[in-house]
Amino acid sequence: MVSTDLDKTNFVYDSKVEGNIIFTRVDAAINWMRKNSLWPMPMGLACCAIELMATASSRFDISRFGAEVMRFSPRQADVMIVSGTVTYKMALAVRRIWDQMPEPKWCIAMGACASSGGMFRSYATLQGIDRLIPVDVYIAGCPPRPEALIEGLMRLQEKIDTESSMKGLKAEPEEEVVKGLEIGK
Ligand code: SF4
């Protein structure tokens with residue numbers, strides 16, 4: 001056996017068993033698949049969106065991380081990249097699209113405007129998208145370069161790696177069954 005500590009390594013293999021067999025945890029396998037197939041919902045709202053578009057080009061090649069499949073349908077996306085100034089006029093539309101994305105889902109706030117309102121301390125601008133939706137990774141810059149977005153994506157991959165992929169999948173007992181048990185006490 002090369003390693004027996006699944007908590008530290010995620011994958012081990014047993015050299016005494018013939019054939020190509022590896023052992024892993026369900027959590028580790030699901031997280032590995034999730035983090036390497038993130039499909040972005042490009043929420044380009046201002047100048048930062050140009051850098052977001054550049055990230056998908058051959059020079060930077062976001063497909064190395066399995067994240068090149070930009071989806072314009074929220075139902076097919078699992079990471080929203082908010083890039084640009086979020087005005088109050090647009091904010092609720094962003095929130096509606098976020099609500100339409102299926103779980104599990106993550107959010108990257110790209111640039112100063114999406115993270116904090118940036119230089120626009122005005123009545124028309126939301127002071128950070130985290131006031132409306134939970135943000136997993138913030139990327140500094142005005143605008144951040146594509147390399148910074150890729151760095152943010154890698155940070156998100158690290159975060160997904162530590163999540164419990166089975167969380168929330170436990171079947172809740174039927175309400176009637178619970179009530180019946182309480183009556184039977
Ligand atoms: S952070 Fe800078 S580049 Fe990005 S949307 Fe705001 S003003 Fe434009």
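Helices here are DSSP runs of H or I with at least four residues, strands are runs of E with at least two, and both are numbered from the N terminus. The model is predicted, and the exercises below walk through it.

**Exercise 1. Get an overview: how many helices and strands does the protein have, and in what order do the elements run?**

Solution. Start with the count: the secondary structure comes to seven helices and six strands. Next, read from the N terminus, and the order is α-β-β-α-β-α-β-α-β-α-β-α-α. Then turn to burial: 28% of the 185 residues count as buried. Finally, look at the contacts with a separation of 6 or more: residues 24 or more positions apart account for 71% of them.

**Exercise 2. Work out how α2 and α6 are arranged: what is their crossing angle, and which residues meet?**

Solution. Take the axes to begin with. Those of α2 (residues 26-35) and α6 come within 9 Å and cross at roughly 160 degrees. Angles over 145 degrees count as roughly antiparallel, and therefore α2 and α6 are roughly antiparallel to each other. The handedness of the α2 and α6 crossing is right-handed. Now list the residues: α2 brings Asn-31, Arg-34 and Lys-35, which meet Gln-157, Ile-160 and Asp-161 of α6. Sorted by class, this contact has three charged, two polar and one nonpolar residue.

**Exercise 3. Do likewise for α3 and α6: what is the angle between their axes, and how do the contact residues divide by class?**

Solution. The axes of α3 and α6 come within 8 Å and cross at roughly 75 degrees. The range from 65 to 115 degrees counts as roughly perpendicular, so that is how α3 and α6 stand to each other. From α3, the contact uses Glu-51, Leu-52, Ala-54 and Thr-55, and from α6 it uses Pro-146, Leu-149 and Ile-150. By class, the residues of the α3 contact with α6 divide into five nonpolar, one polar and one charged.

**Exercise 4. Find the buried face of α3: which residues are buried, and what covers them?**

Solution. The buried residues of α3 are Cys-48, Glu-51, Leu-52 and Thr-55. Around the helix axis they cover an arc of only 105 degrees, and so they lie on the same side of α3. The spacing has a simple background: an α-helix has 3.6 residues a turn, so residues three or four places apart point the same way. To complete the picture, the elements that cover these buried residues include β3 (40-44), β4, β5, α5 (111-116) and α6.

**Exercise 5. Locate two cis peptide bonds: which residues do they join, and where do the prolines lie?**

Solution. Keep the background in mind: most peptide bonds are trans. One cis bond joins Glu-103 and Pro-104, with omega about -5 degrees. Pro-104 has its place in the loop between α4 (88-100) and β5 (106-110). Another cis bond runs from Cys-142 to Pro-143, with omega near -10 degrees. Pro-143 belongs to the loop between β6 (137-139) and α6 (146-161).

**Exercise 6. Place Pro-144 and Thr-85: which loops hold them, and what does each one touch?**

Solution. Pro-144 lies in the loop between β6 and α6. The cut-off for burial is 20 or more other C-beta atoms within 10 Å; Pro-144 has 24, so Pro-144 is buried. Beyond four places in sequence, Pro-144 touches Glu-51, Met-110, Gly-111, Ile-139 and Leu-149. The C-alpha atoms of Pro-144 and Gly-111 are separated by 5.7 Å, although these residues are 33 apart along the chain.

Thr-85 is in the loop between β4 and α4. With 22 other C-beta atoms within 10 Å, Thr-85 is buried. Leaving aside neighbours within four places in sequence, Thr-85 is in contact with Leu-45, Ala-46, Cys-113, Gly-118, Phe-120 and Thr-125.

**Exercise 7. Examine Asp-61: what is its phi, and where is it found?**

Solution. Phi of Asp-61 is near 60 degrees, a positive value in a residue other than glycine. For comparison, most residues other than glycine have a negative phi. Asp-61 is found in the loop between α3 (48-55) and β4 (79-83). Asp-61 counts as partly exposed because 13 C-beta neighbours lie inside 10 Å.

Terms used: Residues are numbered from 1 along each chain as its sequence is written. This is a predicted model: local features need pLDDT of at least 70, side-chain atom pairs count only at pLDDT 80 or more; totals for chains, interfaces and linings use all residues. A residue is buried if 20 or more other C-beta atoms lie within 10 Å of its own, exposed if 12 or fewer, and partly exposed in between; C-beta atoms are placed from the backbone. Axes are lines fitted to C-alpha atoms, for helices over the stretch in contact, and angles run from 0 to 180 degrees between N-to-C directions. Angles under 35 degrees count as roughly parallel, over 145 as roughly antiparallel, 65 to 115 as roughly perpendicular and the rest as oblique. A crossing is left-handed if the near helix is turned anticlockwise from the far one by less than a right angle, and right-handed if clockwise. Two residues are in contact if their C-beta atoms, placed from the backbone, lie within 7 Å. Ala, Val, Leu, Ile, Met, Phe, Trp, Tyr, Cys and Pro count as nonpolar, Asp, Glu, Lys and Arg as charged, and the others, Gly among them, as polar. The arc is that of the directions from the helix axis to the C-beta atoms.
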